[in-house]
Structure formats: structure tokens, C-alpha cells
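Visitor: Could you take me through one part of this model up close? I'd like to look at the nonpolar core and whatever sits around it.

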Amino acid sequence: MPKITCVVDQETCIGCGVCANTSPDHFELDETPKSHFKDGDKDQVVEVNDSDLADIKTAADQCPVAAITVEDK
Ligand code: SF4
């Protein structure tokens, strides 16, 4: 399975909720509201299947302020 890191830049995130709506299994808003990647802490390498990776990348692509960084590891 692909290995990635996924980081939501807390300074850039405007809490619009697009990522959490697009990929609710992987992103959630806290009370701030800011988004967080649910599958791993910052810089933590996680394994995801191809379907989940597509979901995560779609959410990142749809973020209006490009706050989500997904890197292959
Ligand atoms: S789509 Fe981008 S700006 Fe909106 S909540 Fe998610 S990370 Fe934040």
C-alpha cells in the first residue's frame, strides 16, 4: 500500500469544511474550526490503500487555500 504523510497547515486553513465533507474518513474539523488529518500526526508516515489515497488527494486538490500537503514516502 502507498505510504504518505499528510499535513494540514493550521495557519493557512480557513475552516471551510470542504476536506471534511469530501473525505470525512480522513479529515475532521476541531472546534477552532481547523481541519486535521485523522490518520496520523504531523510528519507521521501512514499506509493507505489506493482508494483512500485518491480520497485524500481529492480533498487536498479541492482545498481553496491549498492548506493540505500530501507527500509520497
Ligand atoms: S478544505 Fe482546506 S481550508 Fe477548508 S477546512 Fe480543509 S484544510 Fe481547511
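Guide: Here's a walk through the core, the sheet and helix beside it, two of its residues, and then the ligand shell. Keep in mind that this is a predicted model.

Start with the core itself. The largest nonpolar core has eleven residues: Ile 4, Cys 6, Cys 19, Phe 27, Phe 37, Ile 56, Ala 59, Ala 60, Cys 63, Ala 67 and Ile 68. Strand E1 (3-8) and helix H2 (50-62) each put in at least two of these residues, and H2 is the top contributor with three.

Now for the sheet. It's an open one with three strands, ordered E4-E1-E5, and the pairing is antiparallel. Strand E4 (46-47) and strand E5 (68-72) are the edges, each pairing on one side only. As a general point, strands of a sheet pair through backbone hydrogen bonds, parallel or antiparallel. Between E1 and E5 there are five bridges, in the antiparallel sense; Thr 5, for instance, has Glu 71 in E5 as its bridge partner. H2 lies across E1 and E5, and its direction makes an angle of about 140° with E5.

Zoom in on Cys 6, which sits in strand E1. Cys 6 counts as buried because it has 26 C-beta neighbours inside 10 Å, and the cut-off for that is 20 or more. Skipping residues up to four places away in sequence, Cys 6 touches Phe 37, Gly 40, Ile 56, Ile 68 and Val 70. Of those, Phe 37, Ile 56 and Ile 68 are also on the core list. There's a long-range link too: Cys 6 and Lys 38 are 32 residues apart in sequence, yet their C-alpha atoms are 9.5 Å apart in space.

Next up is Ala 67, in the loop between H2 and E5. Ala 67 has 20 other C-beta atoms within 10 Å, so it is buried; the threshold is 20 or more. Leaving out neighbours up to four places away in sequence, its contacts are Val 8, Asp 9, Thr 12 and Cys 13. Ala 67 and Glu 11 are 56 residues apart along the chain, with a C-alpha to C-alpha distance of 8.3 Å.

That brings us to the ligand. There are 13 residues around it, and the ones that come nearest are Cys 13, Cys 16, Val 18, Cys 19 and Cys 63. Two of these names should ring a bell: Cys 19 and Cys 63 are core residues as well, while Cys 13 is one of the contacts of Ala 67. By class, the ligand shell holds ten nonpolar and three polar residues, with no charged ones.

Terms used
Residues are numbered from 1 along each chain as its sequence is written. This is a predicted model: local features need pLDDT of at least 70, side-chain atom pairs count only at pLDDT 80 or more; totals for chains, interfaces and linings use all residues. A nonpolar core is a set of buried Ala, Val, Leu, Ile, Met, Phe, Trp, Tyr and Cys residues joined through C-beta atoms within 7 Å. A residue is buried if 20 or more other C-beta atoms lie within 10 Å of its own, exposed if 12 or fewer, and partly exposed in between; C-beta atoms are placed from the backbone. Helices (H or I, at least four residues) and strands (E, at least two) are DSSP runs, numbered from the N terminus. Two residues are in contact if their C-beta atoms, placed from the backbone, lie within 7 Å. A residue is near a molecule or strand if its C-beta atom, placed from the backbone, lies within 6 Å of it. Ala, Val, Leu, Ile, Met, Phe, Trp, Tyr, Cys and Pro count as nonpolar, Asp, Glu, Lys and Arg as charged, and the others, Gly among them, as polar. Two strands pair if DSSP finds at least two bridges between them. Axes are lines fitted to C-alpha atoms, for helices over the stretch in contact, and angles run from 0 to 180 degrees between N-to-C directions.
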